[in-house]
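Good morning, colleagues. I should like to take you through one structure today, beginning with its backbone and ending with its helices.

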Amino acid sequence: MANVKPKKHLGQHFLDDMQVADDIVNAMTRHGGYNEIYEIGPGMGVLTTRLMKKEGIKTTVVEIDSESVVYLENEVGLPKDQIIEGDFLKLDIDKIAPHPVGLIGNFPYNISTQIYFKILEHKDQITECVGMIQKEVAQRIATKKGGRTAGILTILVQAFFDVEYLFTVPPGVFIPPPKVESAVISLKRNDRKELPCKQETFFKVVKQAFSTRRKTLRNALKPYGLPAEMLEDPIFKKRAEELSVEDFIDLTLRIEESRK
């Protein structure tokens, strides 16, 4: 069978560097004790073939491209019951994986942010993730407190995962080469079982704070109608990018208290 042709509308850029593939797969540590790995967008199976060699690990792939599905079954030799043809974003993870799992993949740029929001929805099942994404998005997720690239995902992901920026990947190792650099980051579920504040409120406060990221919190959080005396606190002179996860948790607790 001929090679699978990368499809622009699916954001496909197939990895063609075996060392990079080895480095990505070797970054998986089975954190959380999972015995099954889900690979998103395997394409022609460069990562898949390596995952299949790991002892004691079942590899299941999620692929939306029917041409790739046929290739993975016929050429890579992946059993049919380990191939899910469909959109990962629409997958019912609660149904297919009620147990801890690892996640890996060369994620399509056009849905990479949505993939990480999906991971957050299932943070107690997905205990580890190693993903290759656009470098700018990787930097945003992995940046530390005070980083100018910080955003909503920075805080939400780091509230529940230890994040590590592993390495940068140049365009030339892909077919076709993308117009931007890529990067591989690792997520490992941390010890935080739940937040001391309401998770829904925490998410809303973070999103509101970053909605006008160049404004101070005093202005960004105006919709909450916070008491004047509360706004005198120095934290409200800061911008969202200057706050840590713990700062946002404390801020959410105070907002909750003010609304009682």
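**Backbone, annotated site and helix packing**

R30 is located in the loop between α1 (18-26) and β2. Please keep in mind throughout that this is a predicted model. With a relative accessibility of 34%, R30 counts as partly exposed. Its backbone deserves a comment: R30 is not a glycine, yet its phi is positive, at about 65°. As a general point, most residues other than glycine have a negative phi, and most peptide bonds are trans.

The second part of that general point brings me to another place in the chain. Between I175 and P176 the peptide bond is cis, with omega at about -15°. P176 belongs to the loop between β8 (174-175) and β9.

Let me turn to the annotated residues. The UniProt record, an unreviewed entry, carries the annotation "binding site" for H13, L15, G41, E63, D87 and N106. Where do H13, L15, G41, E63, D87 and N106 lie with respect to the largest pocket? The lining of that pocket includes H13, L15, G41, E63, D87 and N106. I shall discuss three of these residues, G41, E63 and N106, in turn.

G41 sits in the loop between β2 (36-40) and α2 (46-51). Its relative accessible area is 27%, and G41 is therefore partly exposed. Once neighbours within four places in sequence are set aside, G41 is in contact with V62, E63 and N106. Two of those partners, E63 and N106, also carry the annotation.

E63 is part of strand β3, which comprises residues 58-63. Is E63 buried or exposed? At a relative accessibility of 3%, E63 counts as buried, because the cut-off for that class is under 20%. Not counting residues up to four places away in sequence, E63 touches Q12, G41, P42, G43, S68, V69, L72, I84, E85 and G86. In addition, a polar atom of the E63 side chain lies 2.9 Å from the backbone nitrogen of D65.

N106 is found in strand β5, residues 101-106. N106 counts as buried as well, at 17% relative accessibility. Which backbone atom does the side chain of N106 reach? The side chain of N106 reaches the backbone oxygen of H13, at 2.8 Å. Leaving out residues up to four places away in sequence, N106 touches H13, L15, I40, G41, L47, M132 and F174. H13, L15 and G41 in that list share the annotation with N106.

Two further buried residues may be mentioned briefly. L10 lies in the segment before β1 (14-15) and is buried, with a relative accessible area of 19%. Apart from residues up to four places away in sequence, L10 touches I64, D65, P108 and N110. L10 and M28 are 18 residues apart in sequence, and their C-alpha atoms are 25 Å apart in space. Q82, for its part, lies in the loop between α3 (66-76) and β4 (83-85). Its relative accessibility is 17%, and Q82 thus counts as buried. With neighbours within four places in sequence left aside, Q82 is in contact with K58, T59, T60 and V61.

I come now to the helices. Why can helix α7 be described as largely enclosed by the rest of the structure? Eight of the nine residues of α7, residues 152-160, are buried, so the helix is largely enclosed. The buried residues are L153, T154, I155, L156, V157, Q158, A159 and F160. Among the elements that cover them are α5 (112-121), α6 (135-142), β7 (161-169), β9 (182-189), α8 (199-211) and α10 (245-258).

Consider α7 together with α8. Their axes come within 9 Å and cross at roughly 150°. Because an angle over 145 degrees counts as roughly antiparallel, α7 is roughly antiparallel to α8. I152, I155, L156, A159 and F160 of α7 make this contact with Q199, F202, F203, V206, K207 and F210 of α8.

How are α8 and α10 arranged with respect to each other? Their axes also come within 9 Å, and the crossing angle is roughly 110°. The two helices are therefore roughly perpendicular to each other. In α8, T201, F202, V205, V206, A209 and F210 meet V245, F248, I249, L251, T252, I255 and E256 in α10.

Thank you for your attention.

Key: Residues numbered from 1 in each chain as written. Predicted model: local features only at pLDDT ≥ 70, side-chain atom pairs only at ≥ 80, totals over all residues. Heavy atoms only, no water. Buried < 20%, exposed > 50% of the residue type's maximum accessible area, 1.4 Å probe, protein only. Helix = DSSP H or I, 4+ residues; strand = E, 2+ residues; numbered from the N terminus. Contact = heavy atoms within 4.5 Å. UniProt positions renumbered as here; feature names shortened; annotations may be inferred. 1 Å grid on protein atoms, 1.4 Å probe; cavity = no way out; pocket = protein on both sides within 12 Å on 5 of 7 lines; lining within 4 Å. Polar contact = N/O pair within 3.5 Å; in protein donor to acceptor, adjacent residues only side chain to side chain. Axes fitted to C-alpha atoms, helices over the stretch in contact; angles between N-to-C directions. Parallel < 35°, antiparallel > 145°, perpendicular 65-115°, else oblique.
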